[in-house]
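Could you take me around this model, telling me what to select at each stop and what I will find there?

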Amino acid sequence: MKEIFIDIERCTACKSCEIACAVEHSLSKDLFSAIFENPLPIKRVYVEKAFLFSYPVKCMHCADAACIAACPTGAMHRNHEFGSVVVNTDKCMGCWMCAMVCPFGAIIPDYAVKTARKCDFCPDRLKEGGKPACVEACPTSTITFGEMKDLFKSKRLLSAERVVKAVLVQEDKKVTPLEMLRSIENI
Amino acid sequence: MSMKTFDAVTQSLINRAEAMGIETGINRLESQLPQCGFGQLGSCCRICYMGPCRIDPFGEGASKGVCGATADVIVCRNLLREEVGGAASHVGHARHVVLAFQKMLEGKAPGYKITDRNKLMDIALRLGIKTEDKSDIEIGKEVVGKALEDISNQNGEPMNWLKLSAQSREFEMWKEQGILISNAHNEIEEAMHRTSMGNDADPVNLLLACLKMGLVDGYAGLHMATDFHDILFGTPQITTVEANIGVLDKDKVNIAIHGHNPVLSEKILEWAFKMKEEAKKSGALDINVVGVCCTGNELTMRHGVPLAAHNLQSELVLITGAVDAMVVDMQCIWPSLAMIAECFHTKLITTEPFVKIPGAIHVPFDVEHADEEAKNIVMMAIDSFKERKGEDVHIPKEKSVGFVGFSVEAIVDMLKKIDSSDPLKPIVDNIVNGNIYGVVGFVGCPSIKLRDTFMTEKMTKELLKNNVLVVTTGCTAQICIQAGLMDSSATDKYCGEGLKTVLHALGKAAGFDVPLPPVWHMGSCVDNARIGTLLGALADRIGVKISQLPVAGSAPELVQEKAISIGTWFLALGLLVHIAPSPRILGSPVATNILTKDLENITGGKVYVELDPIKAAAGIISHIKHKRTELGI
């Protein structure tokens with residue numbers, strides 16, 4: 001099952017994901033037409049500031065999703081084809097329980113239509129073997145999409161590298177950490 | 001592998017690049033996609049360091065920048081800065097040529113001469129310069145003085161070149177709107193000033209400044225550059241040339257000249273001819289100078305030099321491995337050329353002090369030493385040929401032929417053979433009777449985003465089918481000639497009956513045994529001045545404003561800021577200007593409304609964005625129909 005992975009060190013707060021998300025949820029799916037639609041399409045990802053970093057906040061499609069458990073009508077449910085957490089707007093009555101229990105703030109009450117609004121994992125794209133719009137739009141690969149085991153493997157490799165570098169620098173007191181790092185880069 | 005498919009020549013060289021592991025713009029575009037939505041809508045402001053600020057086009061996020069600028073202000077400021085980029089390029093180009101001419105008059109640039117004396121005299125007379133008892137040099141110096149006034153005047157009087165080249169009806173309209181200009185450099189300075197943080201925040205005022213920048217481009221850029229080119233190097237006459245990358249010859253020293261300024265390329269061509277024997281000594285059959293981009297258009301218009309490649313093919317012409325030297329001056333020269341040249345025995349030679357590329361050889365070219373430097377550059381190409389001998393090259397065989405050299409003077413001379421006292425009459429009569437339903441000017445570049453859709457070719461063919469005559473300049477002209485649209489055979493193949501009849505008659509009158517082609521090559525991108533002159537002459541002959549003519553302009557594959565400022569000049573002249581892809585204005589409701597609708601009530605011009613070639617042609621035809629109805633024809 002493919003999932004979204006977010007690397008906060010890479011986010012430059014360009015908001016390309018926000019625009020791509022809104023366009024994907026428009027009628028035309030084209031930027032230049034979408035901005036003239038009425039009502040305007042609405043995004044489901046929010047780039048928020050955290051200290052000196054930024055972070056694209058969106059639904060993580062939790063494996064044990066609090067929002068599904070909290071939903072009294074069964075509107076919030078799992079799509080088993082893609083493993084995503086999605087709202088059946090016909091069943092949603094706008095009680096906002098899901099929004100209250102979501103630890104990410106990724107579910108937004110949409111007062112205009114009186115239903116919860118959230119990331120739906122771009123099912124049209126996934127059906128065609130594509131990636132979610134935010135992933136495709138991200139110019140720095142902050143948001144990636146893949147098998148969780150692969151995503152974690154690459155993260156483990158990265159942290160292993162960091163640990164090795166840190167240990168080597170500590171053991172060799174004769175050179176400065178910076179010089180040591182430079183020599184490691186050349187390995 | 002590229003996701004796009006292009007014409008056979010382009011595609012075969014893209015395939016070769018991919019097989020050789022050489023990256024081209026096609027690959028780089030794919031790695032840039034999708035491109036930033038704020039950027040595409042023009043609603044990102046990087047003008048001050050409280051930003052960058054972006055306006056959410058979907059209304060949920062920020063609606064103003066830190067300083068309070070709305071999307072309207074941000075878009076209009078950004079647009080004006082784009083206009084400045086374009087106008088500065090053309091004014092800079094014109095200034096280079098004027099100063100070269102001045103040096104020649106002072107005896108400091110012996111490599112140059114007055115070639116079209118008639119044009120010099122005509123311009124001098126129309127500038128109000130008294131020519132009796134004066135030498136050509138003295139008259140030339142006074143003409144230069146008038147040109148330099150247009151970048152130095154502080155008295156607020158309208159620019160000389162505007163008065164020289166614009167028709168009175170347009171002049172009065174601009175006067176009424178308060179957008180007449182006096183000094184191109186002042187306008188450029190003021191535009192940068194008014195768009196810096198904390199100045200003009202009135203989107204309408206900013207758009208008026210855009211129109212002024214269009215006039216700066218049209219008169220202190222395009223018209224001035226074309227006039228001095230013609231005086232120095234001659235006014236183009238109709239001739240036929242070969243086009244496409246197939247004009248390279250593996251057994252010759254191939255020199256590709258690329259950029260815009262004929263002050264350099266004319267000398268390279270001259271010395272290539274003089275150094276034939278030198279080339280033969282090194283085992284080459286000859287020296288083959290071929291044109292890339294607009295300096296190619298300049299040489300083809302005046303000397304019938306083969307047109308090797310438009311701007312988008314500037315990388316691909318190097319991928320052949322057959323170019324011994326690519327000599328460049330200014331504008332549209334991709335930095336990637338150095339990286340590609342490095343893969344072959346190709347020397348990339350930059351010549352302008354303000355256009356340097358790491359990896360290229362820089363030979364500073366100044367007009368005072370033009371002959372030595374041009375000789376030196378040609379020698380470098382011959383040396384490069386010696387190194388290339390025996391290396392694998394890939395030159396696609398496809399070539400096309402076409403007519404070029406449609407200066408207004410050449411067109412009028414041709415028409416005089418039909419009616420010597422009223423040369424424009426045959427054209428006007430045929431517009432009135434509908435044989436020529438309208439005229440459309442195609443300008444600009446080949447867009448890497450639209451080239452695979454054959455936007456220009458499809459639009460052109462659709463217009464021709466509907467009896468619309470097409471005139472074109474710049475790299476768009478090269479797309480047309482490669483597609484065979486400038487060949488006389490295109491007339492019977494693509495034109496409606498009315499247009500076919502006219503072109504057959506004109507071909508006969510001009511003394512050719514074939515019809516004239518349906519698409520007329522009027523020159524480089526600065527030669528859009530020629531389109532302006534032609535429209536002005538037609539409007540004057542009929543006694544109407546340019547905005548009343550059944551004509552339109554199109555930048556079917558927008559790339560450069562220069563196309564924005566040229567397009568704005570066309571808007572100021574009162575033309576419908578079709579543009580694809582969309583200019584970066586859609587983030588602003590005010591700019592979008594004014595440019596696509598309300599402007600029509602001010603200058604008569606308006607912007608029309610359409611990416612589908614057939615729909616775009618239909619939109620233009622319906623505009624022409626409307627104009628015809630208004631004229632009662």
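Begin by selecting strand 11 of chain B, residues 438–442, in this predicted model. Colour B:Gly438, B:Val440 and B:Phe442, which point one way from the strand, and then B:Val439 and B:Gly441, which point the other way. In a regular strand the side chains alternate between the two faces of the sheet. Here the residues pointing either way are all buried, and strand 11 of chain B is mostly covered.

Next, add strand 12 of chain B, residues 468–472, which runs parallel to strand 11 of chain B and is joined to it by five bridges. Look for B:Gly438 opposite B:Val468. To follow the chain between these two strands, show helix 19 of chain B, residues 455–465: the β-α-β crossover through this helix is right-handed.

Now bring in strand 14 of chain B, residues 551–555, which pairs with strand 11 of chain B in the parallel sense over four bridges. Here B:Gly441 stands opposite B:Gly553.

For the last stop, select B:Cys36 and B:Cys44, both covered by the annotation "binding site" in an unreviewed UniProt entry. B:Cys36 sits in the loop between helix 2 (25–32) and helix 3 (37–41) of chain B. Leaving aside neighbours within four places in sequence, B:Cys36 is in contact with A:Cys14 and A:Ser16, so keep chain A visible. B:Cys44 belongs to strand 1 of chain B, residues 44–45; with the same kind of neighbours left aside, its contacts are B:Phe38, B:Gly39, B:Pro52 and B:Arg54.

Which of the two is buried, and which partly exposed? B:Cys44 counts as buried because 24 other C-beta atoms lie within 10 Å, whereas B:Cys36, with 17, is partly exposed.

Note on methods
Residues numbered from 1 in each chain as written. Chains lettered and ligands numbered in written order. Predicted model: local features only at pLDDT ≥ 70, side-chain atom pairs only at ≥ 80, totals over all residues. UniProt positions renumbered as here; feature names shortened; annotations may be inferred. Buried ≥ 20, exposed ≤ 12 C-beta atoms within 10 Å, placed from the backbone. Contact = placed C-beta atoms within 7 Å. Pairing = 2+ DSSP bridges. Right-handed = clockwise from strand over helix to strand, strands pointing away.
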